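User: Could you walk me through this structure and tell me what lies behind the labels you use?
Analyst: Gladly; here is the structure, and we can take the labels one by one.

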Amino acid sequence: VSEEAQNSIKAGIVRTQMESAVSEEAQNSIKAGIVRTQMESAVSEEAQNRVRAAIRSEIVHPTDQQQHEPTAPDSIDEVSFEGVWNPPVRTAAAELPPKLEDLSGELRQLLQDCFERYDLDRSGNINSLHELRQLCTNLVLKLDLEMSVEEIAERMADANGIVEDPWELGKFAGWFVPTFEVPLDWVPEDESEEEDDKDDEDLFAVVHSI
């Protein structure tokens, strides 16, 4: 074999070895890529499993915060107001005290007669708790209100300022009628003079028991 042929053969062997080496390197790269992909897939699957486990755990065993979080009712009928204090609704009209002209003629006359009778110092107004107590007690009897002496005293509790700020008839009527829940259209029942005298006797007994 000529020297040229030998050199060609050697060059071919070297080239084959280089191609083999390159092929092996490429295979190794491919294998490394496959392994890396498998590892990433395994990690991703593991992470997904952890997420699924966490979700299942929250559903089966909710946290304390989730257990106590209120849920909105489906309708107002499901809302319970038990134990909740609801203040009375006061309208603008209800806050205004009644005027004398708002009362029936019979009630207005009764208030005026009793007012003048128990204005003991003839000052034209009620300016002491003693006068107010006798006036209210007499009216409770005249109006036939079912009320004890203690209840009368309770309803008078907000009238302590009467000494510093005496009440004339209109102011007294505006306080007494709603405080003692007297109907604005009150009219007296038919009663004899004997019953009037009995009311006065009852008043005397009540006043002297206070």
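Analyst: To begin with the overall make-up, the chain has eight helices and zero strands, so reading along the sequence gives the pattern α-α-α-α-α-α-α-α. Please keep in mind that this is a predicted model. Of its 210 residues, 21% count as buried. Among contacts with a separation of 6 or more, 69% join residues 24 or more positions apart.

User: Why is the pair of Phe 172 and Trp 175 called tilted?
Analyst: By the pairing rule there are seven aromatic pairs. In the pair of Phe 172 and Trp 175, the ring centres are 6.1 Å apart and the planes make an angle of 45°. The centres lie within 6.5 Å, and the angle is neither under 30 degrees nor over 60, so the pair is tilted.

User: Where do Phe 172 and Trp 175 sit in the chain?
Analyst: Both belong to helix α7, residues 169-179, and they are three residues apart, about one turn of the helix.

User: Are Phe 172 and Trp 175 buried or exposed, and how do you know?
Analyst: Phe 172 has a relative accessible area of 0%, and Trp 175 has a relative accessibility of 10%. Buried means under 20%, so Phe 172 and Trp 175 both count as buried.

User: What makes the pair of Trp 175 and Phe 180 edge-to-face?
Analyst: The planes of Trp 175 and Phe 180 are 75° apart, with 5.8 Å from centre to centre. An angle over 60 degrees counts as edge-to-face, so that is the label for this pair. Trp 175 and Phe 180 are also both buried.

User: Which residues form the aromatic cluster?
Analyst: Phe 115, Trp 167, Phe 172, Trp 175, Phe 176 and Phe 180 form one aromatic cluster. Phe 180 has a charged partner too: the charged end of Arg 155 sits over its ring, 6.0 Å from the centre.

User: How do helices α4 and α7 meet, and what makes up their contact?
Analyst: The axes of α4 and α7 come within 11 Å and cross at roughly 115°, in a right-handed crossing. On the α4 side the residues are Leu 107, Leu 111, Gln 112 and Phe 115, and they meet Leu 169, Phe 172, Ala 173, Phe 176 and Val 177 of α7. By class, this contact has eight nonpolar, one polar and no charged residues. Gln is not on the nonpolar or charged list, so Gln 112 is the polar one.

User: What about α4 and α5?
Analyst: Helix α4 (residues 105-117) and helix α5 (residues 129-142) have axes that come within 10 Å and cross at roughly 145°, and this crossing is right-handed. The contact is made by Leu 110, Leu 111, Cys 114, Phe 115 and Arg 117 of α4 with Leu 135, Asn 138, Leu 139 and Lys 142 of α5. It has six nonpolar, one polar and two charged residues. Arg and Lys count as charged, so Arg 117 and Lys 142 are the charged residues here.

User: Why is Ser 148 called partly exposed?
Analyst: Ser 148 has a relative accessibility of 34%. That value lies between 20% and 50%, so Ser 148 counts as partly exposed. Ser 148 is found in the loop between α5 and α6. Its C-alpha atom is separated by 9.5 Å from that of Thr 137, eleven residues apart along the chain.

Methods. Residues numbered from 1 in each chain as written. Predicted model: local features only at pLDDT ≥ 70, side-chain atom pairs only at ≥ 80, totals over all residues. Heavy atoms only, no water. Phe/Tyr/Trp six-rings, centres within 6.5 Å; stacked < 30°, edge-to-face > 60°. Helix = DSSP H or I, 4+ residues; strand = E, 2+ residues; numbered from the N terminus. Buried < 20%, exposed > 50% of the residue type's maximum accessible area, 1.4 Å probe, protein only. Lys NZ or Arg CZ within 6 Å of the ring centre and 35° of its normal. Axes fitted to C-alpha atoms, helices over the stretch in contact; angles between N-to-C directions. Left-handed = near helix turned anticlockwise from the far one by under 90°. Contact = heavy atoms within 4.5 Å.
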